[in-house]
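Subject: Structure handover

Hello,

Here is the structure I promised to pass on. My notes follow below it.

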Amino acid sequence: MNGKPMIDVQRLLQRITDFAAIGATRAGGVNRQALSPEDRAARRLLVELAFARGFRVYQDDVANLFIRREGRDPSLAPVLIGSHLDSQPTGGRFDGALGTLSAFEVLETLQDAGAVTERAIEVVSWTNEEGSRFFPGCMGSMVFVGAGDLSNWRETRGADGARLGDELAATLSALPEAEVRPAGHSVSAFVEVHIEQGPVLEREEIPIGVVTGVQGTKWLEVSFVGEAAHAGTTPLEFRKDPMAAAAEAIVRLQEAIMPADPLARLTVGRMAVEPSSINVIPSRVTLTVDIRHPEEDALASIEARVEAECRSAAARHLSDVYIEKRFDMAPGKFDAAVVAAIENACEGLGVASMRMVSGAFHDALFLSRVAPTAMIFVPCRGGISHNEAEFVADENIEIGARILFETTIALAGDKASRGL
Ligand code: GLV
Ligand code: MN
Ligand code: MN
């Protein structure tokens, strides 16, 4: 590969290691859930690194964090690059952090070179991308693009009982040195580096995925409500058993949805049982259903099927059912010019790439509603993600960061730039 200036891969790898120590789990992953003390510590470290390099730092109402390196013309909308720092409860060290820290490496590389870009470049760390502690995911980017109403979410309780409004306030006040800015400033383009979180790039032995779009996701929360009763004394015909209903609905959906359509995904990832006692028929079983599909119509039919199966299973077990939609993200397409900029960067550095659609959702999908956007994927071992064993080879981290660097300076106006 050629091209100057060069990102400092050792520095980037060290940063990834340093951030992975915040919320580190014994199995080598991270537990740095949104707006938790660990998330706050990671933000603090990023801000300290930013101030050490003389960058300006901002946060908005939803605690999206921005680090700005000024351009030649401050009146132009900045190029935005970045990802998120929050993690799953048993997350890996790369999901989110890789994109945020690769973006920060771009700023540091420009700073080292004393380069001047036409537009400012801002690194962003979006708040609560994962959505595992507080519904919904991509909360920060939704607020940023006007697709979500923060005032409605303040009362949301996390999986651990914490109130979102309190955790957000604590997170904002933990960085008093950040300048406050309203959510949703104008952006000339957004680029996010991320691990693929699937097996395709590794299998094809291609180091870069140029992401042209993201499949749709819906999250449903389904509560089956029956009647608590004695496990030993209640005959079948008297049982109003929401666990039996839930189990039956899950089995029917597993048999109906994915075997019929290789593009469909359905996951029941969380289940809460009340009162959760070995010898009590439960009164309530609440479960989450995550459904995904690249086609909006197919996603809508899956949703309808989930509702129908849950209602009929509830009826068979004399239970009620309540279904709430917690997240609804239509499939989206990325911008052809940003996709081309990433492909040009690959060509320029002699790096093989392939186009792909993301199976995971990302903040980039919301950003694509307000600014030209695309993503850069790097392979992860075995396609494993949302798992403490998540792993990306150093050489792929380096390639991803170099492609991000080249793409960013092209979008930030390298023709008028000095030192590049
Ligand atoms: C993102 O974390 C997703 O669940 O796709
Ligand atoms: Mn992610
Ligand atoms: Mn994730």
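Which residue bridges the manganese ion (ligand 2) and the manganese ion (ligand 3)? It is D95, and the two ions lie 3.6 Å apart. Please keep in mind that this is a predicted model.

**The metal site**

Start with the manganese ion (ligand 2). H84 (NE2), D95 (OD) and H194 (NE2) coordinate this ion at 2.0 to 2.2 Å. Along the chain these donors follow the spacing H-x10-D-x98-H. H84 sits in strand β3 (residues 79-84), while D95 sits in the loop between β3 and α3 (97-113). Eleven residues separate H84 from D95. H84 is buried, because its relative accessibility is 0% and the cut-off for buried is under 20%. D95 is buried too, at a relative accessible area of 5%.

Now the manganese ion (ligand 3). Its protein donors are D95 (OD), E130 (OE), E130 (OE) and H386 (NE2). They lie 2.1 to 2.3 Å from the ion. The donor residues are spaced D-x34-E-x255-H in sequence. E130 lies in the loop between β4 (121-126) and α4 (139-144), and H386 in the loop between β17 (373-378) and α12 (394-411), so this pair ties together parts that are 256 residues apart in sequence.

Are E130 and H386 buried or exposed? E130 is buried, with a relative accessible area of 4%. H386 counts as partly exposed, at 42% relative accessibility.

**Backbone points to check**

Most residues other than glycine have a negative phi, and most peptide bonds are trans. These are the exceptions I noted.

- H386, the donor from the loop between β17 and α12, has a positive phi, near 50°.
- L35 has a positive phi as well, near 65°. L35 is found in the loop between α1 and α2. Its relative accessible area is 1%, so L35 is buried.
- F135 and P136 are joined by a cis peptide bond, with omega about -15°. P136 lies in the loop between β4 and α4. E130 lies in that loop too.
- E274 to P275 is a cis peptide bond, with omega near 0°. P275 is placed in the loop between β11 (271-274) and β12 (280-281).

**Aromatic pairs**

How many aromatic pairs are there? The count comes to nine. Among them is W219 with F361, an edge-to-face pair. Their centres are 5.5 Å apart, with 65° between the planes. W219 lies in strand β8 (residues 216-225) and F361 in the loop between β16 (353-358) and α11 (363-367), so the pair ties together parts that are 142 residues apart in sequence. Both W219 and F361 are buried.

F361 also pairs with F327. The ring centres are 5.0 Å apart and the planes stand at 70°, so this pair is edge-to-face. F327 is in strand β14 (residues 320-329) and F361 in the loop between β16 and α11, so the pair ties together parts that are 34 residues apart in sequence. F327 is buried, with a relative accessible area of 3%. For F361 the relative accessible area is 6%.

There is a ring cluster as well. Ring pairs link F66, W126, F144 and F190 into it.

**Helix packing**

Last, the contact of helix α1 (residues 9-20) with helix α2 (residues 37-52). The two pack at an angle of about 145°, with their axes 10 Å apart. The crossing of α1 past α2 is right-handed. From α1, the residues in contact are R15, D18 and F19. From α2, they are A42, L45, L46 and L49. By class, the contact has five nonpolar, no polar and two charged residues. L35, noted above for its positive phi, lies in the loop between these helices.

**Where to look**

If time is short, begin at D95, which bridges the two manganese ions. Then go to H386, a donor of ligand 3 with a positive phi. After that, view F361, which pairs with W219 and with F327.

Best wishes

Note on methods
Residues are numbered from 1 along each chain as its sequence is written. Chains are lettered from A and ligands numbered from 1 in the order in which they are written. This is a predicted model: local features need pLDDT of at least 70, side-chain atom pairs count only at pLDDT 80 or more; totals for chains, interfaces and linings use all residues. Side-chain values use heavy atoms; hydrogens and water are left out. Donors are N, O and S atoms within 2.8 Å of the metal (3.2 Å for Na, K and Ca); water is not among the atoms, so sites may look incomplete. Helices (H or I, at least four residues) and strands (E, at least two) are DSSP runs, numbered from the N terminus. Buried means under 20% relative accessible area, exposed over 50%, partly exposed in between (1.4 Å probe, protein chains only). Axes are lines fitted to C-alpha atoms, for helices over the stretch in contact, and angles run from 0 to 180 degrees between N-to-C directions. A crossing is left-handed if the near helix is turned anticlockwise from the far one by less than a right angle, and right-handed if clockwise. Contact means heavy atoms within 4.5 Å. Ala, Val, Leu, Ile, Met, Phe, Trp, Tyr, Cys and Pro count as nonpolar, Asp, Glu, Lys and Arg as charged, and the others, Gly among them, as polar. Rings of Phe, Tyr and Trp (its six-membered ring) pair if their centres lie within 6.5 Å; planes under 30 degrees apart count as stacked, over 60 as edge-to-face and the rest as tilted.
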